[in-house]
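This briefing goes through the model shown below, topic by topic, for a reader who wants to follow the description against the coordinates.

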Amino acid sequence: MVEKVLKKDHKIHAEMTVLNIVSKHRKTEAVFKNYDKKAGVCICCHALFESLSKVALRYGLNLEELLEDLEDAVRE
Amino acid sequence: MSTRAIKYLNKKGINFKVVEYEHDEKGAEFAARAIGFPLERTIKTLVVDLGNKKYSFALMPGDKQLSLKQLAKVCNVKRAAMVDTATAERLTGYLVGGISPFGAKQNLPTVIEKGLLKFDEVAINAGQRGVMLIMTPGDIVKALDCEVAGIVQ
């Protein structure tokens, strides 16, 4: 799963922590906010130090979709 | 048990209680659960970049998200941003998951969320993964000469 989503040209990958993503790419905060409802918690409050793969697993999120949305925010 | 944070507080004559737990996960949520303390009273210590190589600590309730906009306003800077793990560890000398505002490598200014002051006691990291301190929020303000402000979203 992780290998599948590790794309060369991508700035975000599944093993990055939420903290390292929002610190490097400020616009991604809005993406996480959009996922709060699906996750049932505020991701940036409760999972700041977790990797994306762990966040997806714990809160039942689609990792590939989340990665795509984060990449889109970074590209904007 | 002694950490740089504990030594710092002892030197200042501040009262606190040390609580240890088995550290399996980083973050206030796990720590709160492990020590049986409410998450809203378990402080997460965040390191924030204020620009021009200036940084600060933001002490937040475990269940809330930091408003970088508010923090920037409080610190009189244009923009604030979270620092990444490596920078937080370099500035504090602590490992993420064990970052304490007390006894950090660099003496950073500290802003504490005002909502925390309503509690009799709060839990805050002792500078080592798996070690928390229980103390009054007033003593945190005293120990760090914190600015008290509304910084949650």
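**Helix 2 of chain B and its surroundings**

Immediately after helix 2 of chain B ends, Gly36(B) adopts a positive phi of about 65°. The model is a predicted one, and the points below start from this helix before turning to the two sheets of chain B, the core, the contact between the chains, and each chain as a whole.

- Helix 2 of chain B spans residues 28-35, and its buried residues are Ala28(B), Glu29(B), Phe30(B), Ala31(B) and Ala32(B).
- The cover over these buried residues includes an element of the other chain, helix 4 of chain A, together with strand 2 and strand 7 of chain B.

**The three-stranded sheet of chain B**

- Three strands of chain B make up an open sheet in the order 1-7-6, and their pairing is antiparallel.
- Strand 1 (17-20) and strand 6 (122-128) of chain B are the edge strands of this sheet, each pairing on one side only.
- Averaged over this sheet and with direction ignored, neighbouring strands are turned by 35° against each other.
- Strand 6 of chain B pairs with strand 7 (residues 131-135) of chain B in the antiparallel sense over five bridges, and within this part of the sheet Ala123(B) stands opposite Ile134(B) of strand 7.
- These two strands, 6 and 7 of chain B, form a hairpin with two residues between them, and in the turn Gly130(B) has a positive phi of about 90°.
- Although strand 6 of chain B is an edge strand, it is mostly covered, with seven of its seven residues buried.

**The five-stranded sheet of chain B**

- A further open sheet in chain B has five strands in the order 4-2-3-5-8, and here the pairing is mixed.
- Its edge strands are strand 4 (81-82) and strand 8 (147-149) of chain B, each of which pairs on one side only.
- Strand 2 (residues 43-51) and strand 4 of chain B pair in the antiparallel sense over two bridges, and Val48(B) has Met82(B) in strand 4 as its bridge partner.
- As general background to both sheets, strands pair through backbone hydrogen bonds, in either a parallel or an antiparallel arrangement.

**The nonpolar core**

- The largest nonpolar core holds 67 residues, and those that touch the most other members are Val18(A), Val48(B), Ala58(B), Leu59(B), Leu71(B), Ile124(B) and Ile140(B).
- For Val48(B), once neighbours within four places in sequence are left aside, the residues in contact are Tyr55(B), Ser56(B), Ala58(B), Leu71(B), Ala80(B), Ala81(B), Met82(B) and Val83(B).
- Met82(B), the bridge partner of Val48(B), is thus listed among the contacts of Val48(B) as well.

**The contact between chain A and chain B**

- Chain A contributes 13 residues to the contact, and chain B likewise contributes 13 residues.
- On the side of chain A that touches chain B, helix 2 (18-24) and helix 4 (43-46) of chain A each supply at least two residues, and helix 2 of chain A gives the most, with five residues.
- By residue type, this side of chain A divides into seven nonpolar, four polar and two charged residues.

**Each chain as a whole**

- Chain A has six helices and zero strands, so that its pattern along the sequence reads α-α-α-α-α-α.
- Of the 76 residues in chain A, buried residues make up 36%, and among its contacts with a separation of 6 or more, 59% join residues that are 24 or more positions apart.
- Chain B has five helices and eight strands, arranged along the sequence in the pattern α-β-α-β-β-α-β-α-β-β-β-α-β.
- Of the 153 residues of chain B, 47% count as buried, and residues 24 or more positions apart account for 63% of its contacts with a separation of 6 or more.
- The radius of gyration of chain B is 14 Å, which agrees with the value near 15 Å that a compact globule of 153 residues would have.
- Taken along the principal axes, the C-alpha atoms of chain B fill a box of roughly 40 × 30 × 30 Å.

How values were computed: Residues numbered from 1 in each chain as written. Chains lettered and ligands numbered in written order. Predicted model: local features only at pLDDT ≥ 70, side-chain atom pairs only at ≥ 80, totals over all residues. Contact = placed C-beta atoms within 7 Å. Helix = DSSP H or I, 4+ residues; strand = E, 2+ residues; numbered from the N terminus. Nonpolar A, V, L, I, M, F, W, Y, C, P; charged D, E, K, R; others polar. Core = buried A, V, L, I, M, F, W, Y, C linked by C-beta atoms within 7 Å. Buried ≥ 20, exposed ≤ 12 C-beta atoms within 10 Å, placed from the backbone. Pairing = 2+ DSSP bridges. Axes fitted to C-alpha atoms, helices over the stretch in contact; angles between N-to-C directions. Rg over C-alpha atoms; globule rule 2.2 N^0.38 Å.
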